[in-house]
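Thanks for coming. I will go through one model today, starting with its confidence and then moving to particular contacts.

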Amino acid sequence: MPCLAFDPKPFLQTFEAAVDRLICVRKEVQAKTEQMEKSVRVSEREYSKKMVDLNRGFEAVAGSFDGMESRINTVSRTAVRMGEQLETVHLERQRAQAAYDIIDFYTKLSKGDTARLDTMRKEGRAGRRQVAVILRRLNTVAKEVDLPNADRTRESIEKYCEKFEKEMLNLFDRCYRKGDPKMMNVGNSRIASLALTTLLRQHCAQTLLEFNGGASCVQVYVNQHDFFINNVRTHKPVDDRVLWELLPDPDISPPKTEQGMADLFAEIRSTVETEAQIVKAVFPNPSVVMQVFLQRVFAQSIQQHMEQLLHRGSSISDLAYLRVLQLVHIQTSTLVDDLKTYELPHVSPRTPYEATEFRKLLAGSNSASPGTSAALSTMLEIAMEELFVPYTEGQRYLERESRSLGALYSGLLAQFTRYHERTQKGKSSMFDRMVNQLSAAAATTTTSGGSTTSAQAAAALMRFGGINANQDKFEEPVREEDGLLSLDIAGKMLKWHAEAVGRCIELSPPNDNAKNTFALLRVLAEAIGSAYLGAALETAQLRLEAADTKTEPSLQSLSVIRSIDLICHLWQQYVNTALIPLASSSVTTRREMVVFNNQTVSRVEGATNHLLQSVTDSIVAWLCTLLAKQKRNDFNPRDDDLSFARVNTEPCLSCCEVLEKVRDMANQNLNGKNLEVFLTEIGIAFHSTLLEHLRKFPVSATGGLMLAKDIKSYQDIIRTFGISALHERFEFIRQLGNVFLVRPEILKSYITEGYLGRIDAALLKPYLMLRSDWAQYGKLFDDSQGLQDEGTEGRGLKDRFGRLSLMMKDLEGLRLSDGIPLVPAGFAGGFAMSSRPF
């Protein structure tokens with residue numbers, strides 16, 4: 001197929017035509033652009049010219065306004081000066097006219113002419129108000145004028161002022177009586193009449209305000225009020241018998257209300273709600289009037305009822321008096337909070353004279369003057385404070401509260417105290433024996449029925465000495481349960497104290513809370529720490545000291561210690577939870593309270609520790625007494641069959657029985673560290689006693705078995721104490737007892753092993769010498785073993801080592817595999833109350 005050649009001509013022709021067309025279009029566009037640019041330049045020149053013209057016009061207008069403003073300011077300043085001058089002239093004219101009128105009225109009154117004032121007074125409300133202002137000014141001028149006949153003129157002015165004031169007060173009183181608020185629910189005509197009466201009363205109040213400050217008007221309003229008249233005329237106290245019967249009972253919660261006071265306060269709330277509307281509508285200064293009214297309510301109605309209640313409560317008991325005082329305070333606080341809602345707007349007096357008169361009106365109630373605008377709430381708080389000041393000022397209230405608590409505690413602990421006094425006086429003294437002898441001599445009579453000479457002398461001596469032989473015959477007998485400590489009694493004491501503290505917080509100023517709480521804490525500490533726990537501790541101690549050492553000691557003191565521990569725990573929980581936080585406002589007082597509380601508890605702990613130590617000593621002494629009953633031949637019997645018939649010796653059985661009783665009583669009444677220390681002390685003392693006891697009796701081979709049985713019994717009963725330190729010590733006792741069972745051939749090796757191997761051999765010789773075969777085999781123990789002959793050593797060995805128990809202290813701290821562990825030799829820490837937090 002032949003190849004065709006490319007022909008560009010048609011394309012070139014098309015391209016040339018397009019280029020020509022584009023050149024023509026460009027020329028057209030360029031021509032239009034140039035034309036439009038010329039048009040824009042022309043428009044810009046025209047716009048610039050117009051803007052220049054407008055700016056020039058605005059500047060001309062602004063200049064005109066500035067000139068007008070300056071001219072207006074000039075005219076204004078001129079007008080202000082003219083106004084001030086006119087006002088000054090007007091005031092001077094008014095003052096001059098007023099001075100002229102005052103002089104004219106003064107001159108006429110000096111001549112006895114009152115026609116013009118009478119005419120003005122009859123012109124209606126405006127005339128009476130104008131007369132009030134004129135009379136007030138005349139009264140002021142009359143006091144300053146010193147002219148001939150000035151006194152007579154002053155008397156005339158004062159008489160006319162009194163006449164005018166009486167007339168206005170009578171008008172106000174008539175309007176007040178006519179406009180009884182209780183009649184407000186009648187028909188439309190009555191409502192219109194009441195509205196007119198209210199306007200008249202408002203006019204009277206305003207007129208009297210301008211005349212003399214309005215004090216007399218307010219006094220009339222308050223004095224004639226039905227609330228005060230009806231209370232004085234018909235007030236009869238409500239006899240709430242249930243309240244007065246329960247009030248002196250400290251176990252009953254204090255009452256929250258009293259019927260008569262509740263009725264009175266309800267009437268006060270209702271009256272104030274009504275009077276607040278009337279006062280606001282009638283008086284130009286309602287806030288001050290309401291303050292005067294409420295001050296009268298507090299000073300008369302509330303105080304009178306309060307005094308009646310307190311007088312009756314005081315005649316019953318201090319507790320009844322204090323509960324009534326708290327009841328009144330709580331109810332009055334609620335009333336004050338309710339009355340604070342009736343805060344009325346205050347209108348300041350328009351003249352100094354009005355302020356002076358109201359200041360005089362309110363001066364008697366210690367309220368601020370209207371110039372200082374004391375709020376109604378402030379006045380109510382001051383009135384309430386003044387109501388209670390006579391009963392709470394100084395130390396008066398705190399002394400009565402402390403006296404009340406003391407009386408309650410004395411009554412509660414009367415039988416308890418009498419029991420312990422009787423118990424502590426049970427031991428007859430020389431004086432008691434002398435009184436008994438004198439009583440017997442005074443009762444001696446002759447055969448003829450007359451008194452002998454010695455009887456008469458004895459009776460005279462008893463009368464002279466003030467001794468009454470029959471004084472104990474009429475006292476009630478005491479019971480054993482009266483002297484027992486009781487958690488219920490302690491709970492009552494704390495409950496009564498908590499009520500007293502709450503009452504103290506209610507009635508005392510906040511700044512005195514810490515100080516008063518500390519004072520009441522002292523009362524509680526004296527009652528519960530000294531009178532209650534102290535008496536029980538002292539009696540228990542005296543019983544232990546007076547007990548017969550030949551009889552088994554009583555463990556009843558442990559139950560006393562348990563009761564003391566529980567009561568102290570309850571007492572300290574109360575102190576730390578309720579009392580100490582109340583002293584947080586005073587760091588010094590709080591520190592003093594903590595120190596005082598710690599000292600008080602420390603005294604109780606010291607006395608308890610002393611009692612526990614006495615119990616321990618008596619138990620150890622009795623165990624020594626029982627061991628002293630051990631017979632010489634108990635461990636060296638002659639009749640082997642009879643000795644094997646017995647399981648243990650009698651002293652062993654008695655000691656185990658005592659230790660079992662001690663363990664049970666200790667577990668019942670002690671706990672924690674106290675229990676451990678007490679049983680440890682008993683165990684250590686008994687261990688030392690046994691070491692000394694085993695040195696006193698010869699032991700045969702058969703008797704060694706009996707001794708081993710006794711030691712095993714001792715070890716078993718001590719193991720029930722549950723104290724590992726005692727286990728180690730009595731394990732040593734068991735191994736020491738086995739030296740009487742071991743054959744002589746192996747005795748030398750036996751005492752060098754176990755616990756015995758850690759003891760100086762010289763200390764073991766006194767025990768080894770008690771073997772019945774010691775004379776035969778004693779030569780096996782030569783000097784190399786350290787067992788020196790008792791005859792050569794003699795007394796020196798005993799003086800050097802004493803009891804074997806002294807050697808035990810050198811082995812303290814060792815475990816079972818090493819030796820005997822550390823055990824306290826006494827009550828190093830003393831008895832500790834588990835509740836003491838400080």
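What is the mean pLDDT of the protein, and what share of its residues reach 70 or more? This is a predicted model, so that comes before anything else. The mean pLDDT is 75, and 64% of the residues reach 70 or more.

Two stretches need a caution. Over residues 469-474 the pLDDT stays under 50, and the model has two contacts there beyond four places in sequence. Residues 834-838 also stay under 50, and for them the model has 15 contacts beyond four places in sequence. Where pLDDT is low, the predicted coordinates should not be read in detail.

Now the overall make-up. The protein has 32 helices and zero strands. Of its 838 residues, 42% are buried. Taking contacts between residues at least 6 apart in sequence, 80% join residues at least 24 apart.

Next, two helices by their length. Helix H10 covers residues 286-316, which is 31 residues. At 1.5 Å a residue H10 should span 45 Å, and its end C-alpha atoms are 44 Å apart, so the two values agree. H10 also bends, by about 35 degrees, at Gln 303.

Helix H18, residues 487-507, has 21 residues and reaches 30 Å from its first C-alpha to its last, close to the 30 Å expected. Which elements do the buried residues of H18 pack against? They pack against H11, helix H13 (376-392), helix H14 (396-412), H19 and helix H20 (556-579). The buried residues of H18 include Met 493, Trp 496, His 497, Glu 499 and Arg 503. Gly 502 is also in H18, but it is partly exposed, with a relative accessible area of 35%. The C-alpha atoms of Gly 502 and Ala 578 are separated by 10.0 Å, with their positions 76 residues apart along the chain.

One of those partners, H11, runs over residues 318-339 and holds Thr 332. Is Thr 332 buried or exposed? Thr 332 counts as buried, because its relative accessibility is 0%. Leaving aside neighbours within four places in sequence, Thr 332 is in contact with Phe 265, Phe 298, Met 384, Leu 387 and Phe 388.

On to the aromatic rings. The whole structure has seven aromatic pairs, and I will show two. In the pair of Phe 416 and Tyr 532, the ring centres are 4.7 Å apart and the planes are at 50 degrees. Why is this pair called tilted? Stacked needs planes under 30 degrees apart and edge-to-face needs over 60; the planes here are at 50 degrees, so the pair is tilted. Phe 416 sits in helix H15 (residues 414-424) and Tyr 532 in helix H19 (residues 513-546), so the pair links distant parts of the chain, 116 residues apart. Phe 416 is buried at 4% relative accessible area, and Tyr 532 is buried at 1%.

The second pair is Phe 686 with Tyr 714, which is edge-to-face, at 5.2 Å centre to centre and 85 degrees between the planes. Phe 686 lies in helix H24 (residues 672-693) and Tyr 714 in helix H25 (residues 701-719), so the pair ties together parts that are 28 residues apart in sequence. Both Phe 686 and Tyr 714 are buried. With Phe 730, these two residues form one aromatic cluster.

Two arginines also sit over rings. Arg 400 lies over the face of Tyr 321, at 3.7 Å from the ring centre. The charged end of Arg 522 is over the ring of Phe 596, 4.9 Å from its centre.

Last, two partly exposed positions from the H24 and H25 region. Glu 692 is in helix H24 and is partly exposed, with a relative accessible area of 26%. The C-alpha atoms of Glu 692 and Tyr 767, 75 residues apart along the chain, are separated by 10.0 Å. Thr 720 is in the loop between H25 and helix H26 (724-737). How exposed is Thr 720, and what is its relative accessible area? Thr 720 is partly exposed, at 40%. The C-alpha atoms of Thr 720 and Leu 659 are separated by 9.9 Å, and these residues are 61 apart along the chain.

That is the end of the tour.

Definitions and conventions. Residues numbered from 1 in each chain as written. Predicted model: local features only at pLDDT ≥ 70, side-chain atom pairs only at ≥ 80, totals over all residues. Heavy atoms only, no water. Phe/Tyr/Trp six-rings, centres within 6.5 Å; stacked < 30°, edge-to-face > 60°. Helix = DSSP H or I, 4+ residues; strand = E, 2+ residues; numbered from the N terminus. Buried < 20%, exposed > 50% of the residue type's maximum accessible area, 1.4 Å probe, protein only. Lys NZ or Arg CZ within 6 Å of the ring centre and 35° of its normal. pLDDT = per-residue confidence, 0-100. Contact = heavy atoms within 4.5 Å. Expected span 1.5 Å × (residues − 1). Bend = angle between axes of the 7 residues up to and from the residue.
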